[in-house]
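Here is a structure to explore together, one question at a time. Have a look, and then we will ask how each description is earned.

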Amino acid sequence: MIGTAGIGRRRISRGPRIGYAILGVSVVPILVGYAWLLIASFSRRTRGLIPTTIDGRAGGWTLDNWSFVSDGSVYRATLNSTLMALGMVVGVGIVSTLGGYAISRIRFPGRKGVLSMTLLLNAFRADMLLIAIFFVLRALGATPLVGRFIGFDTVGGVALVMVSLELPLGLWLMKGFFDNVSWDMERAALIDGASRFRAWWEIVLPQVMPGLAALSVFTFISGWNAYLIPFTYTVGTGVSNLPVFLDELIGETSPTNWNQVAAVGLFQLIPILGFYLLMQEKLLNIYSGGTKGGT
Amino acid sequence: MATVAEDSPTRRRRRRLAAVGFLTPAMVLVVAFYLIPAVLTLILSLTDLSSANFTEPWNFIGLDNYRRLFGDAFFPKILKNTLFYVFVTLGLFNVGLALVLALLTTSIPRRAGFFFRMLWLLPRITPSVVYVMMWVRMAQQPPFGIFNQLAGPFGLEPENWLFETPWLFVILTNGFVGASFGMIIFTSALESIPRDVITAARVDGASGWRLIRDMKIPLIKWPLLFVATYQTMSLLTSFEYILLLTEGGPGLFTTEVWALTSYKRALGTYFGNNQWGYGAAWGFVLVVIGFLFSLLYVKIFRFNQLVKEPLIE
């Protein structure tokens, strides 16, 4: 606008600047939320975003909020979170690589039905089935032998429910990855007399490993973060995971000790942020390939 | 190719067996955690099963739960809340802001656009308990609340904004998670518009707003429709963030939505006991809506194109 910059020039440069401004403003709440978490977890109190001492003067930096790391109360929940998340990774991985292969590459009657069912399930949200699943889990818990591991109020039971909820996305994504594998090698293997299972295991599976890895990271994150299902289907601290532990910590004292709660929250975020930084592009792709929508 | 064309009955049978083998684990889970629960929700909704009588045989009471549901004094309020919540969040964030973000991040340099999209993905991958905690602290009364601290210099009376404007925070909390889904889908749709189509329009004199309205939006109308229908369903059935943020309060049913009512009646101890039958009636209405929605997808998203026949055997 100033000096020699012509009208044409102005037109080109103003658009992006407004774009940056809108985008910059839009992320403020996200950045403020994270800033609070970080500041609060290392200070005695906070006033807005300002760290303060107990009597409200600025300052008050401390590591005391992290004492839960040494007193060990958090490790049971961490272990349960890890077991649930890894259980989900293994479960979703096995079931969707098997099923996704069948719907991508085997011609059989009813294939179209199975495919539309997968799509249908993607749209069909499981949150509304929680009441009935409660009864299914109790029935599973009453079965002999395995009941102790997969029933109501067990880590296995919670993991099993979450595997099922993740399954439509997993099947759909793996089908997509299998669709992109060339047919030639598999055809050669089958003509040489390999069974379908061997062809899957030795020829096709290695070629979808990058896709499976991305799905696994995605599944781990959703298992690690899960709140509603562990909260609904576990009783007491023995089987609860980190989010439920944190939720109980918030309600435990009144007023809540927000600074300690923030530290536990940040502790829980560490692996998630690690994956996020390492695998940004892959994660973005998964979110667009699948139809997983929180809200 | 001879071996491929030959399709003897034995081969066909073996192939069928293989398909069954590969699909069995998935099918077992689908039956146990989708099919049976869907039917069971219907059955439960016809009983008066609750934690008071669950040791006795199930007592079928016909459509009484549904009569009670529609006659509930708070039914109009809950229905209104649900519609308000779903369509305002959908319009402003899950589709509206998602589209704005996708248009903006694709019109600035690639790396910068990617950076902003990654920031917007953060709420989605943050554990819900931690994420809601951030919003609670932003809204809180002085001296803790961040919003009060930032708005104070502008002369705004300090309040606990979660109590003053609960809907604002319910919608913000859900919207900041919801927007990233549409953003990602729209971005990949926008990026797949051929460059020369845009260039040609530019040469013809189309600029800025006209380019968006007459070119870009019509070209991504399928993704738009998909995100709109999919997210309607998501918003209608998910209640986790509301449960954590307000539990349907403050006060009586202020931010209570349909799915949350179902959950609280059946699985919360909110009303003294777990009314599984009554909660299931609320839930089954959603199951029916969900089923109708999923049929809609299969119909409108040109499903047959997705079903390519496998090339071998």
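Q: Which residues is Ala98(B) in contact with, leaving aside its neighbours within four places in sequence?
A: In this predicted model, those residues are Phe93(B), Ala179(B), Gly182(B), Met183(B), Phe186(B) and Val227(B).

Q: What makes these pairs count as contacts?
A: The C-beta atoms of two residues, placed from the backbone, must lie within 7 Å, and Ala98(B) meets that test with Phe93(B), for one.

Q: Where else does Ala98(B) turn up?
A: Ala98(B) is among the residues with the most contacts inside the largest nonpolar core, together with Ala132(A), Val161(A) and Met162(A). That core has 159 residues, and its largest share, 16 residues, comes from helix α8 (residues 155-179) of chain A. Domain 1 (7-62) and domain 2 (75-289) of chain A each supply at least three residues to the core.

Q: Why are α2(A) and α6(B) called roughly perpendicular to each other?
A: Helix α2 (residues 28-41) of chain A and helix α6 (residues 128-139) of chain B pack at an angle of about 95°. Angles of 65 to 115 degrees count as roughly perpendicular, so α2(A) and α6(B) earn that description. Their axes are 9 Å apart.

Q: Which residues of α2(A) make this contact?
A: They are Pro29(A), Val32(A), Gly33(A), Trp36(A) and Leu37(A). From α6(B) come Met134(B), Trp135(B), Arg137(B) and Met138(B). By class, the contact has seven nonpolar, one polar and one charged residues.

Q: How many residues of chain A are in contact with chain B?
A: There are 81, in contact with 91 residues of chain B. On the chain A side, helix α5 (residues 111-123) gives the largest share, eight residues.

Notes:
Residues are numbered from 1 along each chain as its sequence is written. Chains are lettered from A and ligands numbered from 1 in the order in which they are written. This is a predicted model: local features need pLDDT of at least 70, side-chain atom pairs count only at pLDDT 80 or more; totals for chains, interfaces and linings use all residues. Helices (H or I, at least four residues) and strands (E, at least two) are DSSP runs, numbered from the N terminus. Axes are lines fitted to C-alpha atoms, for helices over the stretch in contact, and angles run from 0 to 180 degrees between N-to-C directions. Angles under 35 degrees count as roughly parallel, over 145 as roughly antiparallel, 65 to 115 as roughly perpendicular and the rest as oblique. Ala, Val, Leu, Ile, Met, Phe, Trp, Tyr, Cys and Pro count as nonpolar, Asp, Glu, Lys and Arg as charged, and the others, Gly among them, as polar. A nonpolar core is a set of buried Ala, Val, Leu, Ile, Met, Phe, Trp, Tyr and Cys residues joined through C-beta atoms within 7 Å. A residue is buried if 20 or more other C-beta atoms lie within 10 Å of its own, exposed if 12 or fewer, and partly exposed in between; C-beta atoms are placed from the backbone. Domain bounds come from an automatic or database domain assignment.
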